[in-house]
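The following note sets out points for discussion on the structure shown below. Each point may be checked against the coordinates.

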Amino acid sequence: MKLSILDQSPLVYGKSPQQALQASVELAIRGEQLGYTRYWIAEHHDFPGLTCPAPEVMLAYVGANTSTIRIGAGAILLPHYKPLVIS
C-alpha cells in the first residue's frame with residue numbers, strides 16, 4: 001500500500017516559525033525513511049496557526065533536504081496567484 005503525508009506546518013505554541021518549518025522537514029525525512037511515497041503540502045492563506053502559506057517555498061525547502069520522497073502541493077488557491085504561475 002502506498003502511503004502519503006499531508007502537512008500544513010502548524011505553528012505550535014512556544015515555537016518559532018523556523019522551528020515549525022524544520023519540524024516539517026524532519027517529518028518528510030522520517031516519512032522518506034519509513035517508505036512513504038509522497039509528501040504533500042496543503043496550501044493555506046490568512047491562517048495564523050500555520051507557518052508557510054507559499055507551498056512553492058516550502059516544497060523547495062523540503063525537497064532540498066530529502067532525496068527519494070515525491071513532493072507536491074495538494075491544492076492551488078487560484079485567487080492568490082497570477083495566471084502565469086498556474087500554467
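1. Confidence. The model is predicted, with a mean pLDDT of 87 for the chain, and 94% of the residues reach 70 or more. Among the elements, α1 has the highest mean pLDDT, 95, and helix α3, residues 83-86, has the lowest, 69. Any reading of α3 should take that mean of 69 into account.

2. Sheet topology. Three strands form an open sheet in the order β1-β2-β3, and their pairing is parallel. β1 and β3 are the edge strands, each of them pairing on one side only. Direction ignored, neighbouring strands are turned by 20° against each other on average.

3. Strand register. Four bridges join β1 to β2, and four bridges also join β2 to β3. For the first pair, the register can be read from Ile-5, which stands opposite Tyr-39 in β2. For the second, Arg-38 has Arg-70 in β3 as its bridge partner.

4. The two faces of β1. In a regular strand, side chains alternate between the two faces of the sheet. The covered face of β1 carries Ile-5 and Asp-7, whereas the uncovered face carries Ser-4 and Leu-6. Ser-4 counts as partly exposed because its relative accessibility is 42%. Leaving aside residues up to four places away in sequence, Ser-4 touches Tyr-36, Arg-38 and Trp-40. The C-alpha atoms of Ser-4 and Glu-56 are separated by 18 Å, and these residues are 52 apart along the chain.

5. Helix placement. α1 lies across β1 and β2 and runs at about 175° to β1. α2 lies across β1, β2 and β3, and its angle to β3 is about 170°.

6. The buried side of α2. Which residues of helix α2 (residues 55-64) are buried? They are Pro-55, Met-58, Leu-59 and Val-62. These residues lie on the same side of α2 because they cover an arc of only 100° around the axis. The face turned away from this buried side carries the exposed residues Val-57 and Ala-64. The packing partners of the buried residues of α2 are β1 (4-7), α1 (17-34), β2 (38-41) and β3 (70-73).

7. Nonpolar core. The largest nonpolar core has 11 residues, namely Ile-5, Val-25, Ala-28, Tyr-39, Ile-41, Cys-52, Ala-54, Met-58, Leu-59, Val-62 and Ile-69. At least two residues of this core come from each of α1, β2 and α2. The largest share, three residues, is supplied by α2. Ile-5 and Tyr-39, both members of the core, stand opposite each other in the pairing of β1 with β2. Another member, Ile-69, touches Ala-28, Gly-31, Glu-32, Tyr-36, Thr-37, Arg-38 and Tyr-39, not counting residues up to four places away in sequence.

8. Ser-9. Attention is drawn to the backbone of Ser-9, which has a positive phi of about 50° although it is not a glycine. Ser-9 is found in the loop between β1 and α1. Is this residue buried or exposed? Ser-9 counts as buried because its relative accessible area is 0%. Leu-50 is one of the residues with a contact to Ser-9.

9. Leu-50. This residue lies in the loop between β2 and α2. With a relative accessible area of 15%, Leu-50 falls under the 20% limit and is therefore buried. Not counting residues up to four places away in sequence, its contacts are Gln-8, Ser-9, Pro-10, Leu-11 and His-44. Leu-50 and Leu-11 are 39 residues apart in sequence, while their C-alpha atoms are 5.2 Å apart in space.

10. Ser-16. The loop between β1 and α1 also holds Ser-16. Its relative accessible area is 27%, so Ser-16 is partly exposed. Ser-16 and Pro-55 are 39 residues apart along the chain, and their C-alpha atoms are separated by 18 Å.

Conventions: Residues are numbered from 1 along each chain as its sequence is written. This is a predicted model: local features need pLDDT of at least 70, side-chain atom pairs count only at pLDDT 80 or more; totals for chains, interfaces and linings use all residues. Side-chain values use heavy atoms; hydrogens and water are left out. Buried means under 20% relative accessible area, exposed over 50%, partly exposed in between (1.4 Å probe, protein chains only). The arc is that of the directions from the helix axis to the C-beta atoms. Contact means heavy atoms within 4.5 Å. Two strands pair if DSSP finds at least two bridges between them. Axes are lines fitted to C-alpha atoms, for helices over the stretch in contact, and angles run from 0 to 180 degrees between N-to-C directions. pLDDT is the predictor's confidence in each residue, from 0 to 100. A nonpolar core is a set of buried Ala, Val, Leu, Ile, Met, Phe, Trp, Tyr and Cys residues joined through side-chain atoms within 4.5 Å.
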